[in-house]
Amino acid sequence: MDLVINWHITEACNYQCFYCFAKWQKDDQRELLHSKHEIQQLIKEISLLPSILNTKSGCSFTGVRLNLVGGETFLYKHQVLNIIEAAKKYHFKLSAITNGSLLNDELIKIIANEFSMIGFSIDSTHSESNLRIGRAIKNIPIETDKIHSHIQKLRTINPKIDIKINSVINQINKDEDLTDFIKEVFPSKWKVFKMLPVLTNQHMIDDFEFYNFLKKHDALQNIISSEDNDEMTHSYLMIDPIGRFFQNSSTSCGYEYSSEIVTIGISNALEEIVFDVNKFLKRSKL
């Protein structure tokens, strides 16, 4: 059973999705991924987590899946290659989430050969909706046909790669039907999130609207993994771009942070945040 750690390697992104929660307090500190030495230090600390949690919570984690998230994960190809090199030393499985806009043949080959899973963030197949959401560069919205083509190339190189789709449901896309696109892409899992109001309440939906979206896609229920706000809170192990654990604040908007992991050690940093291992196991269906 793998312990999944989500490392948000950068805040930088070429899209400007209005609901994006990838905004951290950094005080002008340099993001850790730009230092090969600090990458190696952080990866070494992460390798200790399964044993720490097994002792602390009676779990039976046997390895780590390090999930790279942004911002946009593949803005910094060279730095991602350094992470891959360091993670291999500890036999981590690797996965990533991307908006897919920067993928080319070179990156597709890297992903197919080095990652066990790749998730694509797709909220809508309509240009107007993507423009309003912010999934666009210079007013040119994401092309879902191009994402489909990338996925086909990935599967040609590595037929075993696990493809997932992530969608955040809000007032702009809550009435849309993504059934045809999901059937064409045929992911192993479609993660459907109710928009989490971490930094903004703009375009939020209520539970009934979220339920209606799920009901509209009932034919895909065998691959849908839906998460409301409560299920997401404290059920993820998340590391920010400067190497701190973070969780949604329980008292206000924004985040609560641990100290920097490479400075105080990962066991001490874990004590400084709330992580509900039972919610993690339930959400992961483990």
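In strand β7, the residue that bridges to M117 of β4 is D162, and β4 and β7 (residues 162-169) pair in the parallel sense over five bridges. The model described here is predicted, and the points below follow strand β4, helix α2, the aromatic residues and two individual positions in turn.

**Strand β4 and its partners**

- Strand β4, which spans residues 117-121, is mostly covered, since five of its five residues are buried.
- In a regular strand the side chains alternate between the two faces of the sheet.
- In β4 both of these faces are covered, with M117, G119 and S121 buried on one side and I118 and F120 buried on the other.
- Besides its pairing with β7, β4 is joined to strand β3 (residues 93-98) by four bridges, and β3 and β4 run parallel.
- Within this pairing of β3 and β4, A96 has I118 of β4 as its bridge partner.
- The chain passes from β3 through helix α4 (residues 105-114) to reach β4, and this β-α-β crossover is right-handed.

**Helix α2**

- Helix α2 covers residues 49-57, and within it L49, P50, I52 and L53 are buried.
- These buried residues line one face of the helix, because they fall within an arc of 160° when seen down the axis of α2.
- An α-helix has 3.6 residues a turn, so residues three or four places apart point the same way.
- The buried residues of α2 pack against β1 (2-8), α1 (36-46) and β2, and also against β10 (237-239), β11 (244-248) and α11 (266-271).
- Just after α2, G58 takes a positive phi of about 70°.

**Aromatic residues**

- A pair of aromatic rings is described by the distance of the centres and the angle of the planes.
- The model has six aromatic pairs, and one of them is formed by Y90 and F92, a tilted pair with 6.1 Å from centre to centre and 40° between the planes.
- The two members of this pair differ in burial: Y90 counts as partly exposed at 34% relative accessibility, whereas F92 is buried with a relative accessible area of 11%.
- The rings of Y255 and Y257 have centres 6.3 Å apart and planes at 80°, so this pair is edge-to-face, the angle being over 60 degrees.
- Y255 and Y257 are both buried, and together with F246 they form one aromatic cluster.
- The charged end of R244 sits over the ring of Y257, at 4.0 Å from the centre of that ring.

**Two individual positions**

- V64 lies in strand β2, which runs over residues 63-69, and V64 is buried because its relative accessible area of 4% falls under the 20% limit.
- V64 and L3 are 61 residues apart in sequence, yet their C-alpha atoms are 4.8 Å apart in space.
- Leaving aside neighbours within four places in sequence, V64 is in contact with D2, L3, I5, I46, P50, F92 and K93; among these contacts, P50 is one of the buried residues of α2 and F92 is the ring partner of Y90.
- E143 is found in the loop between β6 (140-141) and α6 (144-157), and E143 is partly exposed, with a relative accessible area of 46%.
- E143 and I118 are 25 residues apart in sequence, and the distance between their C-alpha atoms is 18 Å.

How values were computed: Residues are numbered from 1 along each chain as its sequence is written. Side-chain values use heavy atoms; hydrogens and water are left out. Helices (H or I, at least four residues) and strands (E, at least two) are DSSP runs, numbered from the N terminus. Buried means under 20% relative accessible area, exposed over 50%, partly exposed in between (1.4 Å probe, protein chains only). Contact means heavy atoms within 4.5 Å. The arc is that of the directions from the helix axis to the C-beta atoms. Rings of Phe, Tyr and Trp (its six-membered ring) pair if their centres lie within 6.5 Å; planes under 30 degrees apart count as stacked, over 60 as edge-to-face and the rest as tilted. A charge sits over a ring if NZ of Lys or CZ of Arg is within 6 Å of the ring centre and within 35 degrees of the ring normal. Two strands pair if DSSP finds at least two bridges between them. A crossover is right-handed if, with the strands pointing away from the viewer, the path from the first strand over the helix to the second runs clockwise.
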